[in-house]
Amino acid sequence: MTEIAQKHLAYCWIARGDRVLFLRRGPGVFLAGRWELPGGTVEPGEAFEATAVREVAEETGLRVRVTDELARDSWPDVAGRAMEIHACVYRVEEDGTGEVVLNPEEHDDFAWLTPHEAGRLEMAEHFRRLL
């Protein structure tokens, strides 16, 4: 029997008024061209909330703090690997209102969108379910 690996992700719902920050994955990275919330992989021994804060800083340059959990979801790996993905989405507040500075190794564009506007973008199904 094949053992199913587990991968844990943490994402952030960063709102400014009725708009939420979405990032587009850059060329040459997994799921290039698709839009997503800021976030990423939980490192061994790292709390989900700490991952969310760290990933936002690395991907956008913004400083945030977690206020509450918005959603949890799980799904099989979209690349077909023997892996189950588990993700938490956290509502966060910014520490001030900074400018978004993307990490060009991961993302090539960003937009502040209403959930309705974001629903028209190309994105992974787990983000679409959240909207």
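Colleague: Let's start with helix α1, in this predicted model. Which helix is the place of Thr51, and is Thr51 buried or exposed?

Modeller: Thr51 has its place in helix α1. Its relative accessible area is 0%, and the cut-off for buried is under 20%. Thr51 therefore counts as buried.

Colleague: Leaving aside neighbours within four places in sequence, which residues is Thr51 in contact with?

Modeller: Here we skip the residues within four places of Thr51 in sequence. What remains is a set of contacts made by this buried residue. The partners of Thr51 are Ala10, Gly40, Thr41, Val42, Glu43 and Glu46.

Colleague: Staying in helix α1, how many residues apart are Arg54 and Glu58?

Modeller: Arg54 and Glu58 form a salt bridge, with the closest N and O atoms 3.3 Å apart. Both lie in helix α1, which covers residues 48-60. Their spacing is about one turn of the helix, and that is 4 residues.

Colleague: Are Arg54 and Glu58 buried, exposed or partly exposed?

Modeller: Partly exposed is the class between the cut-offs of 20% and 50%. Arg54 has 22% relative accessibility, and Glu58 has 41%. Both values fall in that range, so Arg54 and Glu58 are each partly exposed.

Colleague: Which residues are linked with Arg54 in a network of salt bridges?

Modeller: The structure holds 15 salt bridges, and the one between Arg54 and Glu58 is 3.3 Å at the closest N and O atoms. Arg54 is also part of a network of such bridges. The residues linked with Arg54 there are Glu46, Glu55 and Glu58.

Colleague: Now to the strands. Which strands hold Glu93 and Arg65?

Modeller: The side chains of Glu93 and Arg65 meet in a salt bridge of 3.0 Å, N to O. This pair links distant parts of the chain, 28 residues apart. Glu93 is in strand β6 (residues 83-94) and Arg65 is in strand β5 (residues 64-76).

Colleague: How many residues apart are Arg34 and Glu122?

Modeller: Arg34 forms a salt bridge with Glu122, the closest N and O atoms being 3.4 Å apart. Arg34 sits in the loop between β2 and β3, while Glu122 sits in the loop between α2 and α3. Along the chain, the two are apart by 88 residues.

Colleague: What kind of aromatic pair do Tyr11 and Phe127 form?

Modeller: The structure holds 1 aromatic pair. In it, the rings of Tyr11 and Phe127 are 4.8 Å centre to centre, with 80° between the planes. An angle over 60 degrees is the cut-off to apply here, so the pair is edge-to-face.

Colleague: Why does this pair tie together parts that are 116 residues apart in sequence?

Modeller: Both Tyr11 and Phe127 are buried. The pair ties those parts together because its two residues lie in separate elements. Tyr11 lies in strand β1 and Phe127 lies in helix α3.

Colleague: Which element gives the most to the lining of the largest pocket?

Modeller: The largest pocket has about 460 Å³ of space. Of its 26 lining residues, the closest to the centre are Lys7, Leu9, Tyr11, Arg25 and Phe30. At least two residues of the lining come from each of β1, β3, β4, α1 and α3. With 4 residues, the element that gives the most is α1.

Colleague: How many charged residues are in that lining?

Modeller: We can sort the lining of the largest pocket by class. The nonpolar class has 10 residues and the polar class has 4. The number of charged residues is 12.

Colleague: Back to strand β5, where Ala71 lies. What separates the C-alpha atoms of Ala71 and Leu130?

Modeller: Leaving aside neighbours within four places in sequence, Ala71 is in contact with Ala87, Cys88, Val89 and Leu130. Ala71 and Leu130 are 59 residues apart along the chain. Their C-alpha atoms are separated by 7.5 Å.

Colleague: One last question: what value is phi of Leu31 near?

Modeller: Leu31 lies in the loop between β2 and β3. Most residues other than glycine have a negative phi. Leu31 is a residue other than glycine with a positive value, near 60°.

Terms used: Residues numbered from 1 in each chain as written. Predicted model: local features only at pLDDT ≥ 70, side-chain atom pairs only at ≥ 80, totals over all residues. Heavy atoms only, no water. Salt bridge = Lys/Arg side-chain N within 4 Å of Asp/Glu carboxyl O. Buried < 20%, exposed > 50% of the residue type's maximum accessible area, 1.4 Å probe, protein only. Contact = heavy atoms within 4.5 Å. Phe/Tyr/Trp six-rings, centres within 6.5 Å; stacked < 30°, edge-to-face > 60°. 1 Å grid on protein atoms, 1.4 Å probe; cavity = no way out; pocket = protein on both sides within 12 Å on 5 of 7 lines; lining within 4 Å. Points joined across faces, edges and corners; volume = space filled by probe spheres on them. Nonpolar A, V, L, I, M, F, W, Y, C, P; charged D, E, K, R; others polar.
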